Amino acid sequence: MTTAPATPPASRRRPWAEPWKVKVVEPIRMMDRAARERALAAAGYNTFLLRSEDVYIDLLTDSGTSAMSDWQWAGMMMGDEAYAGSRNFYNLEAAIREHYGYKHVVPTHQGRGAENLLSRMLIKPGHVVPGNMYFTTTRLHQELAGGRFADVIERAAHDPADQGPFKGNVDLVALEALVASVGAAAIPYVCVAGTVNMAGGQPVSMANMRGLRELTNRHGIRVMLDATRAVENAYFIQQREAGYSGTSVAAILREFCSYTDGCTMSGKKDSLVNIGGWLALNDDVLYEEASNLVVVYEGLHTYGGMSGRDMEAMARGIVESVQDDHIRARIGQVEYLGQKLIDAGVPVVRPIGGHAVYLDAKAFYPQVPQDEFPAQRLAAELYLDAGIRAMERGIVSAGRDAATGRHHYPALELVRLTIPRRVYTQAHMDLTADSVIAVHEQRADTRGLRLIYEPRYLRFFQARFEPLA
Ligand SMILES: *Cc1c(COP(=O)(O)O)cnc(C)c1O
């Protein structure tokens with residue numbers, strides 16, 4: 001594999017202007033309001049159950065929705081579809097070793113495949129897995145393996161108005177106290193995510209990672225990174241942390257990963273592909289186990305559920321993702337949308353995160369109690385107003401306590417406007433801001449929802465609701 005084509009420096013007048021131009025377009029359309037009302041009712045007021053065709057601007061997720069470059073598409077033609085030992089696997093492995101710095105790579109079909117392998121290998125019944133806030137699939141795999149998640153994120157993360165630069169940080173005092181109370185032997189690893197999706201895409205500082213490494217070394221505990229958006233995290237370190245403004249995002253990413261023992265990765269986010277993931281490990285013995293276990297759940301250890309062409313697209317996506325001008329444009333667009341909403345007085349999580357703008361549904365609809373699903377309702381209203389699809393990240397996503405069966409009541413009740421990479425224009429962001437502002441102006445009489453169907457696992461994907469009024 002060669003290196004990515006060089007891109008020129010961004011202009012000073014529009015510091016985040018995109019370092020690419022559009023070559024292929026995909027038509028989208030806005031249906032009329034009556035059609036949107038029918039579509040939403042048919043979807044049980046759950047934006048996950050809408051048909052993509054019925055959506056105008058799709059901000060459901062940045063997962064697998066990014067646009068690939070011509071260089072990635074060219075790589076798709078170079079797929080080596082041999083069952084074993086595809087050259088694209090070795091290209092992927094080389095890209096990961098170079099940019100993330102880990103020794104061993106196990107490919108998986110997406111991030112949760114890697115989470116399954118890691119959880120099965122390391123978590124035993126009764127174990128406690130500390131993390132900087134939970135992620136839905138990550139916590140479920142920890143629980144299915146018999147473990148219990150313990151939140152050790154800094155308290156500021158639960159306050160949408162707190163303006164701290166690194167609200168994803170691990171609370172090292174709380175972690176030390178947890179180790180003292182359950183014992184290091186009950187903690188298979190600390191699961192640290194950068195950025196933290198459920199906290200609003202908030203980053204972790206390099207200083208915090210160094211502190212975490214020092215603490216865990218003292219107790220002989222592993223650190224496993226959820227590297228899904230670690231490139232975006234690296235950009236925030238470059239912008240906000242003393243001593244890093246002159247360091248490339250690529251170099252920051254390498255240092256960040258160096259404080260961990262391995263990672264799970266959803267390539268569908270940072271790595272600019274539609275499907276793919278991997279597990280990385282530095283430990284030789286653990287790698288041997290993982291490369292055997294992957295055969296059971298994903299496929300042989302040189303494809304792990306991906307085709308050769310998918311692995312090539314991801315290898316090239318990794319190279320593109322760590323370039324400073326790419327990541328500056330990506331996060332610049334998210335901040336542009338966020339600033340428009342802040343200027344209009346819409347309550348959003350501050351500071352604006354890396355991949356999304358998060359609306360604070362509790363502040364938006366103070367009249368709706370949390371168990372009437374204010375964020376779910378707000379996502380539905382955004383679809384009705386202009387065909388914009390967003391995602392609930394509140395009580396529905398948090399699910400139920402495995403022991404008591406009661407709802408988890410998360411402090412954050414959010415709607416996520418997630419921006420796919422290299423897909424939408426500035427006019428789309430302007431239209432989105434106008435629609436959110438219009439829904440905000442009509443907020444006074446809005447009521448909540450009633451849950452009418454609830455699936456057993458990860459209920460937010462398939463639950464159905466009815467409006468209360
Ligand atoms: C998306 C995501 C995952 C899971 O990855 P999939 O590819 O969707 O299986 C894990 N952690 C975080 C932080 C994510 O955003």
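**View 1. Two cis peptide bonds.** In which loop does P351 lie? P351 sits in the loop between α12 and β9 (356-360); helices (H or I, at least four residues) and strands (E, at least two) are DSSP runs, numbered from the N terminus. The bond that joins R350 to P351 is cis, with omega at about -15°. The other bond in this view joins G194 and T195, again a cis peptide, with omega about -10°. T195 belongs to the loop between β5 (189-193) and α7 (206-219). For background, most peptide bonds are trans. A word on what you're looking at: the model is predicted, so local features need pLDDT of at least 70 and side-chain atom pairs count only at pLDDT 80 or more, while totals for chains, interfaces and linings use all residues. Residues are numbered from 1 along each chain as its sequence is written, and side-chain values use heavy atoms, with hydrogens and water left out.

**View 2. The two domains, face to face.** The chain is split into domain 1 (33-62 + 324-467) and domain 2 (70-321), with bounds from an automatic or database domain assignment. Note that domain 1 comes in two stretches, 33-62 and 324-467. Measure from centre to centre, using C-alpha atoms, and you get 26 Å between domain 1 and domain 2. Where they meet, 32 residues of domain 1 are in contact with 41 residues of domain 2 (contact means heavy atoms within 4.5 Å).

**View 3. The largest pocket, between the domains.** Here's the space itself: about 1600 Å³ of it lies in the largest pocket. Closest to the centre, out of 44 lining residues, are V24, A67, M68, R422 and V423. (A pocket is an open set of points on a 1 Å grid over the protein atoms alone, where a 1.4 Å probe fits, with protein on both sides within 12 Å along at least five of seven lines; lining residues have an atom within 4 Å of a point. Its volume is the space filled by probe spheres set on the points, which are joined across faces, edges and corners.) Why does the largest pocket lie between domain 1 and domain 2? Because both domains give residues to its lining. Helices α2 (70-76) and α12 (324-343) chip in with at least two residues each, and α2 gives the largest share, three residues. By chemistry, the lining splits into 20 nonpolar, twelve polar and twelve charged residues (Asp, Glu, Lys and Arg are charged; Ala, Val, Leu, Ile, Met, Phe, Trp, Tyr, Cys and Pro are nonpolar; the others, Gly among them, are polar).

**View 4. R422 and E26, buried or exposed?** R422, one of the residues closest to the pocket centre, counts as buried at 17% relative accessibility (buried is under 20% relative accessible area, exposed over 50%, with a 1.4 Å probe and protein chains only). R422 is in the loop between β12 (414-418) and α16, and has a positive phi of about 65° despite not being a glycine. E26, by contrast, is exposed, with a relative accessible area of 69%. You'll find E26 in the segment before α1 (33-42). Its C-alpha is 9.8 Å from that of V423, although the two are 397 residues apart along the chain.

**View 5. H428 on α16.** H428 is part of helix α16 (residues 426-441) and is buried, at 17% relative accessible area. Its side chain reaches the backbone nitrogen of T425 at 3.0 Å. Leaving aside residues up to four places away in sequence, H428 touches I28, Y56 and I57.

**View 6. Helix α5 and the glycine after it.** Seven of the nine residues of α5 (residues 136-144) are buried, so the helix is largely enclosed by the rest of the structure. The buried ones are T136, T137, T138, R139, L140, H141 and Q142. After α5 comes G146, with a positive phi near 100°.

**View 7. G276 and its neighbours.** G276 is in the loop between β7 (262-266) and β8 (277-281). It is buried, with a relative accessible area of 0%. Not counting residues up to four places away in sequence, G276 touches a crowd that includes T108, H109, Q110, G111, K268, M306 and M314.

**View 8. L458, a non-glycine with positive phi.** L458 has a positive phi of about 45°. Its place is in the loop between β13 (449-453) and β14 (464-467).

Technical notes
Grid points are joined across faces, edges and corners, and a volume is the space filled by probe spheres set on the points. A polar contact is a pair of N or O atoms within 3.5 Å; within protein, one must be able to donate a hydrogen and the other to accept it, and residues adjacent in sequence count only if both atoms are side-chain atoms.
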